[in-house]
Every structure is written in C-alpha cells, then in structure tokens.
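Here are some notes to read with the model open beside you. Take the points in order and try to find each element on screen as you go.

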Amino acid sequence: MSSKPQRIEVVLETLIESIALAETVGMRVAAEAGFGDDDQYKIGLAVHEGVMNAFQYGNEQRRERKIHLTFELHEDRLVIQVVDQGSGFRMEDVPDPRDDENMLEDSGRGVLLMKAFMDEVDVLSSDSGGAKLVMAKLHKK
Amino acid sequence: MSFKASVRDIGDVTVIDMDGRITLGEGSDLLRDLVHQYLGKGRRKIVLNLAGITYIDSTGLGELVSGYRMVKSEGGEIKLLNLNKKVSDLLQITKLYTVFDIHRQEAEAMASFHT
C-alpha cells in the first residue's frame, strides 16, 4: 500500500528573484527526496525554467499575479507543478528550437531543457485558465 | 555566485573571461552589453571564455546566440572557450554546438580566427 505523498507548496511573487529562489527550493527538495547531485541540478534547472516561463510569459512580469509551485514526494517519483495566472499555452504550439529556422532565436529553449532533464513534462490548463506545468522525475531503481 | 566578466585584448582578438551564472537577471544583460560595447570599438574577433561559468539557463543560452548574431552581422567571428560539462551538455541538448566554434585551449581558439 502506498503512503500519502508528502506535499510542499510555495506561493511566489512574480519577481525575477523568485526564479533563483524556486531553483534553490527545488534542489533542496530533490536532495531531501534522495536524488543525487546530478539529478538535483537537473531538477533545479527544470524548476528554474518553469518558474521563469511563468514569470515572463504566463504572468507577464505582473507582480500582483502569483506563481504556485508545488512539490509532491511519492515513493517512486517527485512531481512538480508550476501554475501561473496567465492565459495558458499548449506544449504542441511551442516551436522546436533545434529546427534550422529557430536555431538562432534568442528564446524558446526552456521547454526543451525541462523535457531533457525531467522524465515527464506536460502542460495543462489550471482552474483559472493559466498554465499548469506538471513535471516528474522518477527515482532510479 | 553572480556574473563577473573581465576583458583582455590580445592583438586583434578580444577575450572576455566570465565567472558565475549567466541567467535572466544575473549576467545575461551584461554579456550582451559587453559584446555590443566591444563591437562598437571595432573589435570583430571575440572569444567568450566560459571557464568560470558555473550555471547557465535558457536565457543565458539565448544571450550566447544573440552575441553570435551580433558579431556575425558585423562581419566578425565569436568563439567559445573552456565549456564545463554542464554548459557543454546544454549545447548538445539544444544543438547549439552546431552553431558555435568551440575550443578547449585558448591558443587554439586564437589561432582559429580567419584573417
């Protein structure tokens, strides 16, 4: 029988400082969950990118909007949610930055990095219509 | 550690030695300004020495690309030097290793510029 997952919720202001703060929290939660140094870095960067996306695009740098960051520690995985108060986006609408026509763009690599560093990444719509980014990192057996 | 940079002019090559993090709000704007500033001085051969860079995010990668575009549009060349494993992995994931000329030794980077 699996036990109820431990849940940690952080509400962040839409400030540039929230990005590094979220990264630090993500790395500490990952360490507590038993992930090694390399995975802690990868989880931290994925959280960094997710919160940066919420800061820039979702909440459009509007301080009155909040970013809800949630960690759920399951037996076999760490699940992370980043919820913003923007208008949402669909994963399939994000261009692949590795395509020739996008290679020299300044932006658009965050989702690719999150996908590379996490085992599962999906974008859902939150209750308020914002983006609900859900990422999971599995414990290696 | 926040971003720090120092600049060396060696002949007609400008080497920008960087330390710390290149992320949104930590170094990305400074890097762009530095490249722009030295291009404005007529420096067209630029080496970005990333030996001291401990962390880079997608915004930082975007600033490297922006620097590449700026220098190329002025008829110059930009080289990357001394990437650590984390930065190297990010360039592999994003395929940016196909864009940049990357070197491990400064002398090799210096010699790689076309005259």
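1. Let's begin with a term you'll need for strands: two of them count as paired if DSSP finds at least two bridges between them. Now try it out on strand 5 of chain A, where Lys132(A) is the bridge partner of Val83(A). That bridge belongs to a set of 7 joining strand 3 (residues 77-83) of chain A to strand 5 (residues 131-138) of chain A, and the two strands run antiparallel. Keep in mind throughout that this is a predicted model.

2. Next, the whole of chain A. How many helices and strands does chain A have? The count is 3 helices and 5 strands, and their order from the N terminus is β-α-α-β-β-α-β-β. With a radius of gyration of 15 Å, close to the 14 Å that the globule rule gives for 141 residues, chain A is as compact as a globular protein of that length. If you like boxes, the C-alpha atoms fill one of roughly 45 × 35 × 25 Å along the principal axes.

3. What about the inside of chain A? Buried residues make up 39% of its 141 residues; to be called buried, a residue needs 20 or more other C-beta atoms within 10 Å of its own. Look at the contacts in chain A with a separation of 6 or more, too: 64% of them are between residues 24 or more positions apart.

4. Now back to the strands of chain A. They form an open sheet of 5 strands in the order 1-2-3-5-4, with antiparallel pairing. Which strands sit at the edges? They are strand 1 (6-13) and strand 4 (120-125) of chain A, each pairing on one side only. On average, neighbouring strands of this sheet are turned by 15° against each other, ignoring direction.

5. Helix 1 (residues 17-32) of chain A deserves a good look. It lies across strand 1, strand 2 (66-73) and strand 3 of chain A, and runs at about 170° to strand 1 of chain A. You can check its length yourself: at 1.5 Å a residue, its 16 residues should span 22 Å, and the end C-alpha atoms are 23 Å apart, which agrees. Just after this helix of chain A, Gly34(A) has a positive phi of about 95°.

6. Which residues of helix 1 of chain A are buried? Among them are Ile19(A), Ala22(A), Glu23(A), Gly26(A), Met27(A) and Ala30(A). A bit of background helps when you look at such a list: an α-helix has 3.6 residues a turn, so residues three or four places apart point the same way. The cover over the buried residues of helix 1 of chain A includes strand 1, helix 2 (37-58), strand 2 and strand 3 of chain A.

7. On to chain B, which has 4 helices and 5 strands. Reading from the N terminus, you meet them as β-β-α-β-α-β-α-β-α. The radius of gyration of chain B is 13 Å, close to the 13 Å from the globule rule for 115 residues, so chain B is as compact as a globular protein of that length. Its C-alpha trace spans about 30 × 25 × 20 Å along the principal axes, and 40% of its 115 residues are buried.

8. The sheet of chain B is open and has 5 strands in the order 1-2-3-4-5, with mixed pairing. Strand 1 (4-10) and strand 5 (101-103) of chain B are at the edges with a single partner strand each, so one side of each has no neighbour in the sheet. For a parallel pair, find strand 2 (residues 13-22) and strand 3 (residues 45-56) of chain B, joined by 9 bridges. In strand 3 of chain B, Val47(B) is the bridge partner of Val15(B). Helix 1 (residues 28-40) of chain B packs on the sheet and touches strand 1, strand 2 and strand 3 of chain B.

9. Last, where do the chains meet? The contact takes 18 residues from chain A and 14 residues from chain B. On the chain B side, helix 2 (58-73) and helix 3 (85-94) each supply at least two residues, and helix 2 of chain B gives the most, with 6 residues. By class, that side of chain B has 5 nonpolar, 5 polar and 4 charged residues.

Definitions and conventions. Residues are numbered from 1 along each chain as its sequence is written. Chains are lettered from A and ligands numbered from 1 in the order in which they are written. This is a predicted model: local features need pLDDT of at least 70, side-chain atom pairs count only at pLDDT 80 or more; totals for chains, interfaces and linings use all residues. The radius of gyration is taken over C-alpha atoms; the globule rule is 2.2 Å times the number of residues to the power 0.38. A residue is buried if 20 or more other C-beta atoms lie within 10 Å of its own, exposed if 12 or fewer, and partly exposed in between; C-beta atoms are placed from the backbone. Two residues are in contact if their C-beta atoms, placed from the backbone, lie within 7 Å. Ala, Val, Leu, Ile, Met, Phe, Trp, Tyr, Cys and Pro count as nonpolar, Asp, Glu, Lys and Arg as charged, and the others, Gly among them, as polar. Axes are lines fitted to C-alpha atoms, for helices over the stretch in contact, and angles run from 0 to 180 degrees between N-to-C directions. The expected span of a helix is 1.5 Å times one less than its number of residues.
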